[in-house]
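Grab a pencil and work through these short exercises. Try each task by yourself before you peek at the solution.

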Amino acid sequence: MDAQLSLTVDGTVHSLTVDTRTTLLDALRERLGVISPKKGCDHGQCGSCTVLLDGRRHLTCLALAVAYDGAEIVTADGLAADGLHPVQQAFLDQDGYQCGYCTPGQVCSAVGMLDELKEGHPSHVTEDLVGEIEPSEVEVRERMSGNLCRCGAYPGILAAVCEAARG
Amino acid sequence: MRELEYLRPDSAAAAVAAVADRPGARFLGGGTNLVDHLKLGVASPELLVDISRLPLTDVEAYDGPDGSWLRIGTNVRNSDLAAHPVVRSRFPAVARALLAGASGQLRNQATTGGNLLQRTRCVYFQDVTTPCNKRDPGSGCSALEGYGRYNAILGASPECVTTHPSDLAVALTAMDAVVVVLGPEGERRVPIEELYRLPGDRPELDTVLAPSDLVTAVELPSAAANEHATYTKVRDRASFAFALVSVAASLDLAGGVVQDVRLAWGGVAHKPWRARRAEAALRDRPFDEDALRAAIDEELADATTTDQTASKVPMVRNATTMTLLRLAEEAAR
């Protein structure tokens, strides 16, 4: 079955017809040529397909495109529309990658995660569920656990996200 | 993947009717489990009925004839529920359980009802090239002889030895939560302990719900014990892994005597395991570590293990002891 939908991606509105089995990731990459989100595991385990969807970090592999008609998506590419986003600059400053394949997902996840921190959302390692939360290394590690890096550039990624968290 | 029809009804009743009318129809919520199953071939519905945009997103307190409740709409995302001020302050075990599960991205997508109805992560259930009685009734159980570290130690059957994967469900079981279900015949309230079933000779059924039964809300009873509660998860990695064992516990002490205690285990059975024998052994008695360990051992008396699951017995015993001692320490402060 085909379905019609509209997606706003990095500020551009797209109308497209997709087979209902198409994932959001495949719609972005194969249909719209938006290749910043990457296909890693395709099972929600690696985070390389992460985008900001209606303002929140979101996987695009475990999502059927048809269910996201009308969504507003920002990819790592779109974050740099007016020059590098502070999180992207921090990845450069702190050498937060090696091959770079997971980086767009890491960057989008970090941007969404820092918003969650700002809103005071607790995490698994937060000791006081109702108190103030420090953006410590322990907090950042836990909150970024949905993004894997096969090169193992975690020390740089951690330093970059902590730098961005300090603003 | 087979051809897939898609429908997005504008009411819960219309969604229920759409699934009831069509064998091979399934509800679609956040999709974090079902979309994966479409890819793996574990599920092959003909029709998806998308309920993810229905406005079942409120978290609200209400007073009923049987006390005060917190009603959580089924489409409240796991991250929003864990961050909700009332959940954090009055149902800390629920917030802790949610935060112990999945990743930040997945918690933003996964819904309350979907979390409860997620299916086992048994490697054989997810691998369509292997026999599995839960996925393909009558085909056999590969986990009996194969990789079994995550297998059940309580309530298993020769047909299925898997465990339930949800952290949230374990906390809700300890809290005596009620699941609100809308079916073709109308609405009913199902205590969470009655929602899940043991595998027996029908391991393909995780719950007592029919395919056209839609979970519309979860309700948490206000109780002092639910405020003095927490959730402990033991897993292979520090983050983003399913439980080997987990413990949801609450404790209400007065003068060193147990007034109320609630205990549920994850990772040990086909359903969240309410440890009622241990609770009964502890209630109205002085609280100390020896009594606690004896009570836990009473609950574990029927445990059956293999070489691969033998470690779960001391694991759940120690995790439970640590969790309740910590709650007692907090209460003493």
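**Exercise 1: a strand and its neighbours**

Work out which residues of β6(B) point one way, which point the other way, and whether they are buried or exposed.

Solution. Start with the two sides: B:Val178, B:Val180 and B:Leu182 point one way from β6(B), while B:Val179, B:Val181 and B:Gly183 point the other way, and all are buried. Keep in mind that this is a predicted model. Now check the strand as a unit: β6(B) covers residues 178-183, and six of its six residues are buried, so it counts as mostly covered, with buried meaning under 20% relative accessible area.

Next, look for the partners of this strand. β7(B), residues 186-191, runs antiparallel to β6(B) and is joined to it by six bridges. One of these pairings puts B:Gly183 opposite B:Gly186 in β7(B). With two residues between them, β6(B) and β7(B) make a hairpin.

Then find the other partner: β8(B), residues 214-221, pairs with β6(B) over five bridges, again in the antiparallel sense. Here B:Val178 has B:Glu219 of β8(B) as its bridge partner.

**Exercise 2: rings**

Find how many aromatic pairs a search of the whole structure gives over all chains, and then classify what turns up.

Solution. The search returns one aromatic pair. The ring centres of B:Tyr147 and B:Tyr150 are 6.4 Å apart and the planes meet at 40°, so the pair is tilted. That follows because planes under 30 degrees apart would count as stacked and over 60 as edge-to-face. Now for exposure: B:Tyr147 is partly exposed at a relative accessible area of 38%, and B:Tyr150 is partly exposed too, at 25%.

For another ring, turn to B:Trp69: B:Arg189 lies over its face, 4.8 Å from the ring centre.

**Exercise 3: the whole chain**

Decide whether the radius of gyration of chain B agrees or disagrees with that of a compact globule.

Solution. Take the length to begin with: for 333 residues, a compact globule would have a radius of gyration near 20 Å, and chain B has 20 Å, so the two agree. The C-alpha trace spans about 60 × 50 × 35 Å along its principal axes.

Now add burial and contacts. In chain B, 57% of the 333 residues count as buried. Among contacts with a separation of 6 or more, 64% are between residues 24 or more positions apart.

Finish with the surface and the inventory. Chain B has an accessible surface of about 13100 Å², and carbon and sulfur atoms make up 50% of that. Its secondary structure comes to 13 helices and 12 strands.

Technical notes: Residues are numbered from 1 along each chain as its sequence is written. Chains are lettered from A and ligands numbered from 1 in the order in which they are written. This is a predicted model: local features need pLDDT of at least 70, side-chain atom pairs count only at pLDDT 80 or more; totals for chains, interfaces and linings use all residues. Side-chain values use heavy atoms; hydrogens and water are left out. Rings of Phe, Tyr and Trp (its six-membered ring) pair if their centres lie within 6.5 Å; planes under 30 degrees apart count as stacked, over 60 as edge-to-face and the rest as tilted. Buried means under 20% relative accessible area, exposed over 50%, partly exposed in between (1.4 Å probe, protein chains only). A charge sits over a ring if NZ of Lys or CZ of Arg is within 6 Å of the ring centre and within 35 degrees of the ring normal. Helices (H or I, at least four residues) and strands (E, at least two) are DSSP runs, numbered from the N terminus. The radius of gyration is taken over C-alpha atoms; the globule rule is 2.2 Å times the number of residues to the power 0.38. Contact means heavy atoms within 4.5 Å. Accessible areas come from the Shrake-Rupley method with a 1.4 Å probe; for residues, only the protein chains shown count as cover. Two strands pair if DSSP finds at least two bridges between them.
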